[in-house]
Amino acid sequence: MKEKLTKLIDVKTIVTFTLTAAFTYLAVCGKIEPQIFMTIYTMIIGFYFGTQHEKNKEEK
């Protein structure tokens with residue numbers, strides 16, 4: 001469990017969560033259009049899971 005938590009807390013994860021929180025806040029406050037939010041959020045999540053997938057592939 002501790003190992004998984006340690007792996008979760010790296011720079012890429014922190015950046016992903018921070019950007020998610022920031023864009024969610026902007027969307028809820030109405031300062032950013034929902035379509036722009038979805039485009040940016042999809043790119044962020046796609047990058048995060050894409051790099052995680054490649055990392056897991058390399059470990060095997």
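Is Y41 buried, exposed or partly exposed? Select Y41 to begin: at 27% relative accessibility, this residue counts as partly exposed. The cut-offs are these: buried means under 20% relative accessible area, exposed means over 50%, and partly exposed is in between (1.4 Å probe, protein chains only).

**Before going on**

This is a predicted model, where local features need pLDDT of at least 70, side-chain atom pairs count only at pLDDT 80 or more, and totals for chains, interfaces and linings use all residues. Residues are numbered from 1 along each chain as its sequence is written, and side-chain values use heavy atoms, with hydrogens and water left out.

**Stop 1: the whole chain**

Show the protein chain as a cartoon. Three helices and zero strands appear. Helices (H or I, at least four residues) and strands (E, at least two) are DSSP runs, numbered from the N terminus. Starting at that end, the order of the elements is α-α-α. The radius of gyration is 14 Å, well over the 10 Å that the globule rule gives for 60 residues, so the protein chain is more spread out than a compact globule. That radius is taken over C-alpha atoms, and the globule rule is 2.2 Å times the number of residues to the power 0.38. Along the principal axes, the C-alpha atoms fill a box of roughly 45 × 20 × 15 Å.

Now switch on the surface. The accessible surface of the protein chain is about 5,100 Å², and 69% of this belongs to carbon and sulfur atoms. Accessible areas come from the Shrake-Rupley method with a 1.4 Å probe; for residues, only the protein chains shown count as cover. Of the 60 residues, 15% are buried.

**Stop 2: colour by confidence**

Colour by pLDDT, the predictor's confidence in each residue, from 0 to 100. The mean for the protein chain is 79, and 90% of its residues reach 70 or more. Among the elements, helix α1 (residues 2-8) has the lowest mean, 71, and α2 the highest, 83.

**Stop 3: helix α2**

Select V15, which sits in helix α2 (residues 11-29). V15 is partly exposed, at 43% relative accessible area. Add V11 and L19: with V15, they make a nonpolar surface patch of about 250 Å². Patches are made of residues with over 30% relative accessible area and no salt bridge; like charges are joined within 9 Å, nonpolar side chains (Val, Leu, Ile, Met, Phe, Trp, Tyr) within 5 Å. A salt bridge is a side-chain nitrogen of Lys or Arg within 4 Å of a carboxyl oxygen of Asp or Glu.

Move to A21, also in helix α2. A21 is partly exposed, at 48%. Draw a C-alpha distance from A21 to I32: 13 Å in space, 11 residues apart in sequence.

**Stop 4: a ring pair in helix α3**

Return to Y41 and add F37. Both lie in helix α3 (residues 34-59), four residues apart, about one turn of the helix. F37 is buried, at 13% relative accessible area. Rings of Phe, Tyr and Trp (its six-membered ring) pair if their centres lie within 6.5 Å; planes under 30 degrees apart count as stacked, over 60 as edge-to-face and the rest as tilted. The count by this rule is one aromatic pair. The ring centres of F37 and Y41 are 5.5 Å apart and their planes are at 10°, so the pair is stacked.

**Stop 5: further along helix α3**

Select G46, in helix α3. G46 is partly exposed, at 45%. Its C-alpha atom is 16 Å from that of T24, 22 residues apart along the chain.

Finish at F47, also in helix α3. F47 is exposed, at 53%. The C-alpha atoms of F47 and D10 are 15 Å apart, with their positions 37 residues apart along the chain.
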